[in-house]
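Student: I am new to this structure and would like a close look at one part of it. Could you pick a part, walk me along it slowly, and explain each term as it comes up?

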Amino acid sequence: MPPILEVEHLRTTFAQSGRTLTVVEDVSFSVEAGETLGIVGESGCGKSVTSLSIMRLLGKNAKLDGSVRFAGTDVLRLSEKEMQSIRGNRIAMIFQEPMTALNPLHPIGRQIAEPLRRHLGLSRREGAMRAVHLLKEVGIPRAEEIAAEYPHQLSGGMRQRVMIAMAMACQPQLLIADEPTTALDVTIQAQILELMKKLRREHGTAILLITHDLGVVAEMCHRVVVMYAGQIVEEADVRRLFADPRHPYTIGLLASMPSISGGQERLQAIPGAVPQLHEMPAGCRFAPRCPKAMAICREQVPELFPVSATQKCRCWLYREGGEA
Ligand code: SF4
Ligand code: MG
């Protein structure tokens, strides 16, 4: 079976006060049915813009190039109307802060029923019943009562469950989750991740999981792409990424992860800062911060070189398929 999502050479630019800012540059990856692909990187690396590009949820000043094939169709070529029939139906999305996606004026149950009525043509009564069923499925106690409540009456963790119930209502083939647990405390975070795993297991949903949290990646993902300054710098299956990271940025990122044992080691931060969008370095974008930078790094943009069958690395050290 072909992958459910195939992103090829995606480039997202914004026209802003007379200049063009490139936020996502030549991003390619795919996600198979039932698979979870993680996109990791620090804030501002382009991971959220990548997901919003896939959903076509960016403003009019955004321009998208390349292709985003969902179930074989390039969604970048669809009309807004055609896109609306996919969004919230075959592709669903959950965000860090559910309050931004929930309508404060409508009861929870009605909001969950809304996409069911719109996309699947359910009646009001059928929608209401299905909403209660979905609330139970995401582990919400007293589902009938909660369905009649408003978003502000629920805790953050409960609201995120509601978001997941809403996202899963139409049994999407792809769920895009952008920092779904970042605002939650650790216990609730673990419950939400378990819930996403359950949905993946029971419905075969593919998940594109965007996070800066490597703990969440280790827990959830099969494969990972690491983004830096708008580009993918490394792609690997999750075991490889943690056991044998190759890109100097990935190595720095993993080194800055607090140890799970909770030891006293100091966090090892990567010196320097992510380059500004309008002043990207000419060659490798990580060169100004890279401890291994060579002359070529400052002049030519490295490709994503294959390191092994399951790992690629955008770094001149790997140009011959192995470390120079
Ligand atoms: Fe470092 Fe050069 Fe590799 Fe960039 S291409 S990560 S500067 S070694
Ligand atoms: Mg973000």
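Tutor: Here is a walk along one sheet, followed by a short look at some neighbouring pieces of the chain.

Please keep in mind that this is a predicted model, in which local features need pLDDT of at least 70 and side-chain atom pairs count only at pLDDT 80 or more, while totals for chains, interfaces and linings use all residues. Residues are numbered from 1 along each chain as its sequence is written, and chains are lettered from A and ligands numbered from 1 in the order in which they are written.

Let us begin with the whole sheet. It is open and has 8 strands, in the order β6-β7-β8-β3-β9-β10-β12-β11, with mixed pairing. Helices (H or I, at least four residues) and strands (E, at least two) are DSSP runs numbered from the N terminus, and two strands count as paired if DSSP finds at least two bridges between them. As a general point, strands of a sheet pair through backbone hydrogen bonds, and do so either parallel or antiparallel. The edges here are β6 (91–94) and β11; each has a single partner strand, so one side of each is left without a neighbour in the sheet. From one strand to the next, the twist averages 20°. Such angles run from 0 to 180 degrees between N-to-C directions, with axes being lines fitted to C-alpha atoms, for helices over the stretch in contact.

Now to the β6 end of that order. Strand β7 (residues 174–178) runs parallel to strand β8 (residues 206–211), and 5 bridges join the two. In one such pair, Leu-174 has Ala-206 of β8 as its bridge partner. Helix α6 (residues 156–168) packs on the sheet here, touching β6 and β7, and its direction makes about 175° with that of β6. Touching, or contact, is judged by C-beta atoms placed from the backbone, which must lie within 7 Å of each other.

Further along comes an antiparallel stretch. Strand β9 (residues 223–228) is joined to β10 by 6 bridges, and the two run antiparallel. Val-225 stands opposite Glu-235 in β10. These strands form a hairpin with 2 residues between them, and Ala-229 there takes a positive phi near 50°.

What about the surroundings of β10 (residues 231–237)? Of its 7 residues, 6 are buried, so the strand is largely enclosed by the rest of the structure. A residue is called buried if 20 or more other C-beta atoms lie within 10 Å of its own, exposed if 12 or fewer, and partly exposed in between, again with C-beta atoms placed from the backbone. On its other pairing, β10 meets β12 in the antiparallel sense over 3 bridges, and Glu-234 stands opposite Cys-313 in β12. It helps to recall that in a regular strand the side chains alternate between the two faces of the sheet.

At the β11 end, look for Thr-310, in the loop between β11 (304–308) and β12 (311–314). Thr-310 has 13 other C-beta atoms within 10 Å and is therefore partly exposed. Leaving aside residues up to four places away in sequence, Thr-310 touches Ala-236, Asp-237 and Arg-240. Thr-310 also shows how the fold gathers distant stretches: Val-224 is 86 residues away in sequence, yet the two are 10 Å apart in space, C-alpha to C-alpha.

To finish, turn to some other strands. Strand β1 (residues 5–16) and β4 run antiparallel, joined by 8 bridges, with Thr-12 opposite Leu-64 in β4. β4 also runs antiparallel to strand β5 (residues 73–74), with 2 bridges between them; here Arg-69 stands opposite Asp-74 in β5. β4 and β5 make a hairpin with 2 residues between the strands, and Ala-71 in its turn has a positive phi of about 45°.

The loop between α1 (47–55) and β4 (62–70) holds Arg-56. This residue follows α1 and has a positive phi, near 55°. Is Arg-56 buried or partly exposed? With 17 other C-beta atoms within 10 Å, Arg-56 is partly exposed. In α1 itself, the buried residues are Lys-47, Val-49, Thr-50, Ser-53, Ile-54 and Met-55.

Notes
Two residues are in contact if their C-beta atoms, placed from the backbone, lie within 7 Å.
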